[in-house]
Amino acid sequence: MKFHVLTLFPEMIMQGLGTSIIGRAASAGTISLDAVNIRDYSMDKHKKVDDYTYGGGAGMLMQAQPVFDAWKAVCKGQKVRCVYLTPQGTPFTQQIAQDLAKEEELIFLCGHYEGIDERVLEEIVTDYVSIGDYVLTGGELPAMVMIDAISRLVPGVLNNESSAETESFQGNLLEYPQYSRPEVWHDKQVPEVLLSGDHNKIRQWRLEQSVERTKQRRPDLFQRYERNLKCIEQLKKDKLSHIEMIEVIRRGKARLIYFKKDGVLLQDIESGYFMATATNEQGAEQIVNSLKEEMSDAAKAPSYIVAHQDFLKELIAFEFDYDVLMECKQAVYTRKEVLPIKKVVADKYQFRNLTLEELPIVSEIYSYGDEESMKERIQKKALFGLYQEDSLCGFIGIHPDGSLGMLEVMPEYRRNGIGSLLECYLINYALKQGWTPFGQVDVTNLASWKLQEKLGLCLSKNSLWWLEKKSSK
Ligand code: SAM
């Protein structure tokens, strides 16, 4: 992830973000940070960047020209999202951090004095973000706040990869209380359950604490949490068919757009995909109306929409610029135990994340994905290869929506049990994250059907349909 900050005070950014976790990530090259001095782009002989506001009023305003030229020098004709930090923007949340963390490059524009000439903002800004309802003297602190929150979500920045997923806000719940040594401090004992070594009990206790804490401190978040729970209950009436929607909610990545008895429409924040299910045609109509609102700005239309009923899929394909791509069934691993992988087999092969060096070969062999999307998966460390010595025997991955898939075995290694080994590995990996492992199988892919059954996955009775945006082909 590359961060560019357009500012009048570059040293403030570099000093503020140069230490601790973010500083280390920048030194290690996991993220890159460059602060661009807007003043360097001033055409004024005294390097002036501000002037009085037309119409009068207190204070000075940053002029358009130096800001525009600094921006142009940074984005070099590429389309890069440009965030203007302003008290007039959308309040910054974990959800926005997650959305921005998907980008490869971001520009932050920091205002000063009374702000920036409106005309340049109109031309270059894609997102207006505020860090709270108060006014600061400049955009540097807000930019640093945002860069810190976004960086933590970039794979490799935190040592403990899963910690970003368990923290406050990730699933609309605040984090539970935590304790470290000593066991007794000021006569206060660490809760006994935490010393029990029983991980199920500890997980349960932490959830209860999180729920209680959220209820007391953030009733607004608690309301959302309760609504999500109710939605999961409704979707669970056909759990296998709706597993991808349930998982998106459980993993704290769902934006619930429509939820009534007659249907559910949500957006997976990570992939941007819409997922919809309806119990009748009235529900389908409601979902289509919500989708119309969501996609009134064409730029907000995601590459894919998932529909759970035949009539819903027809209606969406009729109303929007989407084609039906494929019909799938869900394959769900419903047990909690990890799948056994024999030690002799494990010793013979090694699993590791795929690298960009392997991109040409994997995108050639995987017929469902284009090179751009495979690249994104490799960069997100969501594609895993199985190697014998140094040769790649096959690979498998996690799709942006969290389903397992992209399984391919290299022709010379086929019929060796490598497909099932790869799937076992990924199922175990998913269990370790606390997920319910699931994949979606194209109804025409009989080989995959057989493999899922052999590994003991449960197949859904009902189908779901993937709709693809016409222009994204
Ligand atoms: N006149 C501006 C207004 O009322 O919207 C406020 C200007 S403020 C004094 C100067 C700069 O600080 C802004 O251009 C913005 O970049 C930054 N700033 C101030 N408060 C902020 C906040 N709550 N969130 C994000 N940026 C903020």
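## Ligand shell and aromatic contacts

Tyr84 is buried, having a relative accessible area of 8%, and this value, like everything described here, comes from a predicted model. Tyr84 also belongs to the group of residues that come nearest to the ligand, a group completed by Leu85, Gln88, Tyr134 and Leu136, out of the 20 residues around the ligand.

The shell around the ligand divides into 10 nonpolar residues, nine polar ones and one charged residue. Strand 5, which spans 81–91, and strand 7, which spans 127–130, each contribute at least two residues to this shell, and the most is given by strand 5, with five residues.

Nitrogen atoms of the ligand lie at short listed distances from polar backbone atoms of the protein, as the table sets out for Thr86, Glu114 and Tyr134.

| Residue (backbone atom) | Ligand atom | Distance |
|---|---|---|
| Thr86, polar backbone atom | nitrogen | 3.3 Å |
| Glu114, backbone N or O | nitrogen | 3.0 Å |
| Tyr134, backbone N or O | nitrogen | 2.8 Å |

Taken on its own, the ligand has 580 Å² of accessible area, of which the protein covers 87%.

Turning to the aromatic residues, the structure holds 11 aromatic pairs. In one of them the ring centres of Tyr84 and Tyr128 are 6.2 Å apart and the ring planes stand at 85°, and because planes over 60 degrees apart count as edge-to-face, the pair falls into that class. This pair links distant parts of the chain, since Tyr84 lies in strand 5 and Tyr128 in strand 7, with their positions 44 residues apart in the sequence. Whereas Tyr84 is buried, Tyr128 is partly exposed, with a relative accessible area of 32%.

An aromatic pair that is likewise edge-to-face is formed by Tyr273 and Trp466, at 5.7 Å centre to centre and with 85° between the planes. Tyr273 lies in the loop between strand 11 (263–268) and strand 12 (274–278), while Trp466 belongs to strand 20 (residues 458–469), so the pair ties together parts of the chain that are 193 residues apart in sequence. Both Tyr273 and Trp466 are buried.

Elsewhere, Phe351, Phe384, Tyr425 and Tyr429 form one aromatic cluster. Aromatic rings also meet charged groups: the charged end of Arg251 sits over the ring of Trp435, at 4.1 Å from its centre, and the charged end of Arg352 sits over the ring of Tyr387, at 3.8 Å from its centre.

Conventions
Residues are numbered from 1 along each chain as its sequence is written. This is a predicted model: local features need pLDDT of at least 70, side-chain atom pairs count only at pLDDT 80 or more; totals for chains, interfaces and linings use all residues. Side-chain values use heavy atoms; hydrogens and water are left out. A residue is near a molecule or strand if one of its heavy atoms lies within 4 Å of it. A polar contact is a pair of N or O atoms within 3.5 Å; within protein, one must be able to donate a hydrogen and the other to accept it, and residues adjacent in sequence count only if both atoms are side-chain atoms. Accessible areas come from the Shrake-Rupley method with a 1.4 Å probe; for residues, only the protein chains shown count as cover. Helices (H or I, at least four residues) and strands (E, at least two) are DSSP runs, numbered from the N terminus. Ala, Val, Leu, Ile, Met, Phe, Trp, Tyr, Cys and Pro count as nonpolar, Asp, Glu, Lys and Arg as charged, and the others, Gly among them, as polar. Rings of Phe, Tyr and Trp (its six-membered ring) pair if their centres lie within 6.5 Å; planes under 30 degrees apart count as stacked, over 60 as edge-to-face and the rest as tilted. Buried means under 20% relative accessible area, exposed over 50%, partly exposed in between (1.4 Å probe, protein chains only). A charge sits over a ring if NZ of Lys or CZ of Arg is within 6 Å of the ring centre and within 35 degrees of the ring normal.
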